[in-house]
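Visitor: Got a minute to walk me through this one? I'd like to start with the helices and then get to the rings.

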Amino acid sequence: MNEKDIYKGIPCDKIPWIHETPPGILINLIESLAPPSSHLLDLGCGLGHYAAFFAQKGYKISGIDISNTAIKHAKQLFETKKLKGDFYEFDLCKLSDITLSPINLAYEFEVLHHVYPEYRELYVQNVCKLLAEGSYYLSICFSEKDKNFGGKGKYRKTPIGTELYFSSVKEIQDLMSQHFRILEIKEVELEGKTIPHQAVFCLMQKVKF
Ligand SMILES: C[S@@+](CC[C@H](N)C(=O)[O-])C[C@H]1O[C@@H](n2cnc3c(N)ncnc32)[C@H](O)[C@@H]1O
């Protein structure tokens, strides 16, 4: 990752990825695999809107984000909405001894493209350590097939000054299959604020190898 706190200095209404309601692809998948009261882990939870949506539906929520600004905002949002959730400021690319009560499903939405290839192995090891056998893990990150966003190539600059890494299905498959059983992997189109995004969708389960 090339920046620690991408929220510093940007007013909330100018952050390009903020939506109050999660995309249908995330809602449908979570509702089909994890009944309410299951424990969800929101990896790279940002300001906590998606976590709040699922908490309101009765899920138990934990959220992790590298950004201090994001975690403070997520905690405040839960307090305002009188919801319960546990939030941790933590860099998933660093070794840690963080432990959580058993997670049924972890999801990361538009997070992994912030993590450059050399840090991804440690990132995925950390996620794997946080999950119990049988837990599901959904990863959705930008695909190199995207033609609309940030030009061409693997590393692309964004209007807010970040540089993201755009993956191929094969890269995600090679990375994830070391630690998880891949249940489904495919290219998907995501609705964006201004233009749609092409993304790699990877649904996995932690199993004994
Ligand atoms: C594009 S935002 C998406 C936020 C949220 N998932 C959403 O869809 O609204 C990417 C998020 O990943 C977080 N992030 C990036 N690298 C991270 C890392 N190494 N560990 C934890 N969080 C990270 C960023 O701080 C940011 O909140």
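Guide: What follows is a quick tour of helix packing, aromatic pairs and one loop residue. Keep in mind that this is a predicted model.

Visitor: Fine. At what angle do α1 and α2 cross?

Guide: Roughly 40°. Helix α1 covers residues 24–33 and helix α2 covers residues 49–56. Their axes come within 12 Å.

Visitor: Which hand does the crossing of α1 and α2 have?

Guide: Right-handed. The contact uses L26, I27 and I30 from α1. From α2 it uses Y50, F53 and F54.

Visitor: And why are α1 and α2 called oblique?

Guide: Because angles from 35 up to 65 degrees fall outside the parallel and perpendicular classes, and α1 and α2 cross at roughly 40°, they are oblique to each other.

Visitor: How many residues of α2 are buried?

Guide: Seven of the eight, so α2 is largely enclosed by the rest of the structure. The buried ones are H49, Y50, A51, A52, F53, F54 and A55.

Visitor: What do the buried residues of α2 pack against?

Guide: Helices α1 and α3 (68–80), for a start. Then the strands: β1 (39–43), β2 (60–65), β3 (86–89) and β4 (105–109).

Visitor: What comes just after α2?

Guide: G58, with a positive phi of about 105°.

Visitor: Switching to rings. How many aromatic pairs are there?

Guide: The count is 12. One of them joins F54 and Y59. That pair is edge-to-face, with 5.9 Å between centres and 85° between planes.

Visitor: F54 again. Are F54 and Y59 buried or exposed?

Guide: F54 is buried, at 0% relative accessible area. Y59 is buried as well, at 5%. The cut-off for buried is under 20%.

Visitor: Which residues form a cluster with F54?

Guide: F53, Y59 and Y107 join F54 in one aromatic cluster. F53 and F54 also belong to the α2 side of the contact with α1.

Visitor: What about F78 and F87?

Guide: They form another edge-to-face pair. The centres are 4.8 Å apart and the planes differ by 75°. Both F78 and F87 are buried.

Visitor: Now charges. Which ring does the charged end of R156 sit over?

Guide: The ring of F166, 4.2 Å from its centre.

Visitor: And where does K186 lie?

Guide: Over the face of F201, at 4.7 Å from the ring centre.

Visitor: Back to helices. How do α4 and α5 pack?

Guide: At an angle of about 50°, with axes 10 Å apart. Helix α4 is residues 117–130, and helix α5 is residues 169–176. That angle makes α4 oblique to α5. The crossing is right-handed.

Visitor: Which residues of α4 and α5 meet?

Guide: On α4, they are R120, E121 and V124. On α5, they are I172, L175 and M176.

Visitor: Does spacing like that have a rationale? I mean, why would residues three or four places apart point the same way?

Guide: An α-helix has 3.6 residues a turn, so residues at that spacing face the same way.

Visitor: Last one. Where is S168?

Guide: In the loop between β7 (163–165) and α5. S168 is buried, with a relative accessible area of 12%.

Visitor: What does S168 touch?

Guide: E144, K154 and V200, leaving out residues up to four places away in sequence.

Terms used: Residues are numbered from 1 along each chain as its sequence is written. This is a predicted model: local features need pLDDT of at least 70, side-chain atom pairs count only at pLDDT 80 or more; totals for chains, interfaces and linings use all residues. Side-chain values use heavy atoms; hydrogens and water are left out. Rings of Phe, Tyr and Trp (its six-membered ring) pair if their centres lie within 6.5 Å; planes under 30 degrees apart count as stacked, over 60 as edge-to-face and the rest as tilted. Buried means under 20% relative accessible area, exposed over 50%, partly exposed in between (1.4 Å probe, protein chains only). A charge sits over a ring if NZ of Lys or CZ of Arg is within 6 Å of the ring centre and within 35 degrees of the ring normal. Axes are lines fitted to C-alpha atoms, for helices over the stretch in contact, and angles run from 0 to 180 degrees between N-to-C directions. Helices (H or I, at least four residues) and strands (E, at least two) are DSSP runs, numbered from the N terminus. Angles under 35 degrees count as roughly parallel, over 145 as roughly antiparallel, 65 to 115 as roughly perpendicular and the rest as oblique. A crossing is left-handed if the near helix is turned anticlockwise from the far one by less than a right angle, and right-handed if clockwise. Contact means heavy atoms within 4.5 Å.
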